[in-house]
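Please explain what can be read from this structure, going step by step through its charged pairs, its empty spaces and its surface.

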Amino acid sequence: MSVYPQISGCSRYNSNAYLSRNKKKAPEDQFRDILGIKPADKARQAFANNTRAFSEQLPYYHIKVGYNLGILIFYESGLSSPDAVTFLSIISYFISGLLLFYILKIIFPEKYILAIILTIAIMLLPPITYMSRVATPDMFIMQFLLIFMIGLLKKWKSWVMFLVLFAITFTRPDYVPFTLSYLAVAAGYDYVKNKKVNLSIVIQASILFILYFVIMKISAYPGWKHLFYDTFIHRREFISGTPPDFSLNEYLSIIYQKIIYFKKVTLTSVALVGLTFYFSKDSWIRTLAIFVLVNIYIKFLFFPHSSGLRFFFGYILLLLILFLYALSKKYNGFKLRKIA
């Protein structure tokens with residue numbers, strides 16, 4: 001149980017009020033970890049004992065507007081703040097399972113048993129079951145990524161897809177590289193086919209830009225440099241204290257150290273892209289596979305948490321779906337061909 005994501009669901013309270021509620025729910029070892037007692041963590045100790053230190057952390061979590069709204073709904077329905085966070089992850093897990101089953105039914109029409117088996121197998125993968133148990137927005141955002149994939153497979157209209165992109169950005173503004181790069185890919189693909197700029201895509205991208213910066217402004221978000229410094233260099237007790245100064249060489253050194261431990265993600269994602277290219281000659285499917293792969297590394301460059309597979313698993317799942325789609329198209333959905 002991590003203290004930081006749960007802060008987002010308790011932003012109206014001071015640290016003492018939050019901790020008193022969490023103490024009733026968390027096992028002793030997890031609560032000591034939250035307090036920064038064992039293992040020892042001076043920053044967490046400051047967050048637990050100093051209201052100002054606690055409050056300065058909140059902008060990191062205020063920006064996850066859609067996620068916080070989901071927590072608030074459960075909190076206002078009577079759940080405690082820790083329970084609201086955990087329950088949201090559990091509900092998101094089951095909704096994601098239903099969405100995944102629907103996607104697999106699109107990919108493998110009339111193959112109900114295959115769709116059920118694949119759904120169960122994927123949803124029981126350790127990264128997904130882990131995300132369903134922890135207080136993070138990763139399981140919550142997966143629902144929207146799966147809806148995005150449904151839109152691609154069903155070829156929803158441009159403005160309907162935009163609503164999905166808007167929901168993703170509203171829920172997790174740090175996904176704005178994903179949403180904007182998709183619009184860039186869609187615009188480029190459309191231009192190659194029709195030899196003209198699609199003005200509606202330009203308008204959609206502008207709206208997402210504005211949404212992102214409005215959320216940053218309202219949330220008083222310190223910025224990427226602060227987040228990177230606090231995560232990978234030194235967790236400050238007070239954000240307003242030590243400036244988050246680091247050099248390009250320091251940044252590259254951290255990237256180099258982290259990418260060595262990024263092997264599982266790299267091998268899995270590159271293999272899925274390779275298999276998608278092998279089974280599909282469809283230029284749009286190949287473009288989407290490259291688009292998702294590139295976004296994995298964009299995310300890594302901004303937040304190189306190489307040991308945290310949950311940060312990248314949503315993208316890996318999209319690559320898996322694209323591979324299964326390519327495989328299905330190659331073999332006609334595994335339907336038996338009629339004998340002439």
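**A network of charged side chains**

Asp-138, Arg-172, Asp-174, Lys-299 and Arg-310 are linked in a network of salt bridges. The model is a predicted one, and every value below is computed from it. A search of the whole structure finds 6 salt bridges. Side chains of opposite charge can pair when their charged atoms come close.

One pair in the network is Arg-310 with Asp-138, whose side chains meet in a salt bridge at 2.1 Å, N to O. This pair links distant parts of the chain, with the two positions 172 residues apart: Arg-310 is in the loop between α18 and α19 (313-330), while Asp-138 is in helix α11. Arg-310 has a relative accessible area of 22% and is therefore partly exposed, since only values under 20% count as buried. Asp-138, at 6% relative accessibility, falls under that limit and so counts as buried.

Arg-172 and Asp-174 also belong to the network, and their side chains form a salt bridge of 2.7 Å, N to O. Here Arg-172 is the buried partner, with a relative accessible area of 5%. Asp-174 counts as partly exposed, at 34% relative accessibility.

Another salt bridge joins Asp-230 and Arg-236, with the closest N and O atoms 2.7 Å apart. Asp-230 and Arg-236 are both buried.

The next topic is empty space. Rolling a probe the size of a water molecule over the atoms shows where empty space is left. The structure holds 2 cavities of 30 Å³ or more, and the second largest cavity has a volume of about 40 Å³. Two residues already met, Asp-138 and Arg-310, are part of its lining, together with Met-131, Ile-141, Met-142, Leu-145, Tyr-175, Phe-311 and Gly-314. Helix α11 (residues 138-154) gives the most to this lining, with 4 residues. Sorted by class, the lining of the second largest cavity has 6 nonpolar, 1 polar and 2 charged residues.

Pockets are open, unlike cavities, from which the probe cannot get out. The second largest pocket has a volume of about 610 Å³. Its lining is made of 25 residues, and those nearest the centre of the pocket are Trp-156, Tyr-182, Ala-186, Tyr-189 and Trp-284. Several helices take part: α11, α12 (158-171), α13, α14 and α18 (283-302) each supply at least two lining residues. Helix α13 gives the most to the lining of this pocket, with 7 residues. By class, the pocket lining has 15 nonpolar, 5 polar and 5 charged residues.

Helices α13 and α14 lead on to the surface. Which residues form a nonpolar patch there? They are Trp-159, Tyr-191, Val-197, Leu-199, Val-202, Ile-203 and Ile-207, with about 660 Å² of accessible area together. Helix α14 (residues 199-219) gives the most to the patch, with 4 residues. Tyr-191 sits in helix α13 (residues 176-194). Is Tyr-191 buried or partly exposed? Its relative accessible area is 42%, so Tyr-191 is partly exposed; a patch residue needs over 30%.

Two loop residues on either side of α14 come next. Most residues other than glycine have a negative phi, and most peptide bonds are trans. Lys-195 has a positive phi of about 60 degrees although it is not a glycine. Lys-195 lies in the loop between α13 and α14 and, at 62% relative accessibility, counts as exposed. Ala-220 also has a positive phi, near 55 degrees, and is likewise a residue other than glycine. The loop that holds Ala-220 runs between α14 and α15 (224-232). With a relative accessible area of 52%, Ala-220 is exposed, because the limit for that class is over 50%.

A last stop is Tyr-251, found in helix α16 (residues 248-259). Tyr-251 counts as buried, at 15% relative accessibility. Tyr-251 and Phe-232 are 19 residues apart in sequence, and their C-alpha atoms are 9.3 Å apart in space.

Note on methods
Residues are numbered from 1 along each chain as its sequence is written. This is a predicted model: local features need pLDDT of at least 70, side-chain atom pairs count only at pLDDT 80 or more; totals for chains, interfaces and linings use all residues. Side-chain values use heavy atoms; hydrogens and water are left out. Patches are made of residues with over 30% relative accessible area and no salt bridge: like charges are joined within 9 Å, nonpolar side chains (Val, Leu, Ile, Met, Phe, Trp, Tyr) within 5 Å. Accessible areas come from the Shrake-Rupley method with a 1.4 Å probe; for residues, only the protein chains shown count as cover. A salt bridge is a side-chain nitrogen of Lys or Arg within 4 Å of a carboxyl oxygen of Asp or Glu. Buried means under 20% relative accessible area, exposed over 50%, partly exposed in between (1.4 Å probe, protein chains only). On a 1 Å grid over the protein atoms alone, a cavity is a set of points where a 1.4 Å probe fits but cannot get out, and a pocket is an open set with protein on both sides within 12 Å along at least five of seven lines; lining residues have an atom within 4 Å of a point. Grid points are joined across faces, edges and corners, and a volume is the space filled by probe spheres set on the points. Ala, Val, Leu, Ile, Met, Phe, Trp, Tyr, Cys and Pro count as nonpolar, Asp, Glu, Lys and Arg as charged, and the others, Gly among them, as polar.
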